[in-house]
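Q: Could you take a close look at how the side chains pack in the interior of this protein? I would enjoy a connected walk through that one part.

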Amino acid sequence: MKKTIALVVTVRNQVQEILPFYERVLTQKRLPDEIWFADAKSTDGSREVLKKLKETDARVHFVCTEQANLSCARNLALDQVTADYLVFPRLTDRMAPSYLRDMAHVMEIDGDFDMVASGYAELTSGGKVISTCTKYGGIISWKKMLKHCFSNRGMKTGLWNKMLRRDLIEREQLSFCESLEDGGDVLFLASYSAYVRKVQVLPRVLYGHLYDPLAIRERLAEEKRRIKEQALHMQKHREAIRKIRRELRIHKACADWEAMTRVHTLLEKAGALHDIPSFFSYKARKARRLLWATQYDKKAYRAQRKEAAGCLRRRTLAVLRDRDLSGLHRMSVVASGVSPRLGLQFAKIRKKFRKK
């Protein structure tokens, strides 16, 4: 039975990206039944563009919030969406023409699938491919899916290359955490995954993700515009920009750390924490980023490294006992997230085992 599809897209001062995104959506081989734009206090004319789109296309809807909080805007959209399947693309990203068709086809042929993910490519702002991820594929459990998401080159913790069921979200009363300005995606993904029966991963590049290493470009550009308007007479304009960049970096690192702490608690309650060793590596990277950004939270960083090292030690003993070469390779990848030197040591041990 053919189901309906809805796109839920967040907007915040991205007026130049709305129409190009809408035109890319129209190139899909299976068009969405609803397109929801969730606006988070835009001040650059984005709402006027969305109103015009809504007048010309009945599938377009938009909700607005007076808080500069993307999670709050998404929750408003989720309250009004009526489609069966939900997709959360980013406004600046690219979707292959068969993206929605292939993802929905998997969900429709088997009602046990609660999530479908696809391979992706990381793109520059000019559209050049930096890297691709297509090594994961097939039917997997939600624990294995999260294990791939938290790995260094895995399926990513964002929602942008995944299709979810609306009825499951409503049944379990799931929502985005509005107290988190950053990291809401990974917390929502972990909360949703705990109720998933089966996951299908399509090992084809169907999604192009615009790579942003700091993930603060939009907010930083907004702050730059504000400073230029209010403080053009300042002699130390560059120093002010540099200060704002540092404040935003610290804010994001702290928000990510809070999200990781909540995900840690959620996985621990579900009894899946030690089944996902890559989460410790992922959280260790966030702790290291927090230390680099703040230069004062060394206690939390050391505690996290100790926790990650303890998990690695237990898993390594089991791998060495079974002489599992593939398991040893996975552990070297996980260990590299805690310490690059530790990852090299694991690689050397694996090489010795192969010679034997």
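A: Happy to! In what follows, contact means heavy atoms within 4.5 Å. The model is a predicted one, and a good place to start is Met145. Leaving aside residues up to four places away in sequence, Met145 touches Met115, Ile140, Met155, Leu189, Ser193 and Val199. Met145 also belongs to the largest nonpolar core, which has 85 residues; together with Phe37 and Met163, Met145 touches the most other members. Nonpolar side chains tend to be buried together in soluble globular proteins. Another core, of five residues, lies apart from the largest one and includes Ala253, Trp257, Leu290 and Ala293.

Trp257 has a charged partner as well: Lys283 lies over the face of the Trp257 ring, at 5.4 Å from its centre. A similar arrangement involves Phe113, where Lys198 lies over the ring face at 4.6 Å from the ring centre.

Now to rings that meet other rings. The structure holds nine aromatic pairs. In one of them, Phe176 and Phe188 have ring centres 4.2 Å apart and planes at 10 degrees, so this pair counts as stacked, the cut-off being under 30 degrees. Phe176 sits in the loop between α6 (166-171) and α7 (184-193), while Phe188 is in helix α7, so the pair ties together parts twelve residues apart in sequence. Phe176 is buried, with a relative accessible area of 2%, and Phe188 is buried too, at 2%. Elsewhere, ring pairs link Tyr99, Tyr120, Trp160 and Tyr207 into a cluster.

Definitions and conventions. Residues are numbered from 1 along each chain as its sequence is written. This is a predicted model: local features need pLDDT of at least 70, side-chain atom pairs count only at pLDDT 80 or more; totals for chains, interfaces and linings use all residues. Side-chain values use heavy atoms; hydrogens and water are left out. Rings of Phe, Tyr and Trp (its six-membered ring) pair if their centres lie within 6.5 Å; planes under 30 degrees apart count as stacked, over 60 as edge-to-face and the rest as tilted. Helices (H or I, at least four residues) and strands (E, at least two) are DSSP runs, numbered from the N terminus. Buried means under 20% relative accessible area, exposed over 50%, partly exposed in between (1.4 Å probe, protein chains only). A charge sits over a ring if NZ of Lys or CZ of Arg is within 6 Å of the ring centre and within 35 degrees of the ring normal. A nonpolar core is a set of buried Ala, Val, Leu, Ile, Met, Phe, Trp, Tyr and Cys residues joined through side-chain atoms within 4.5 Å.
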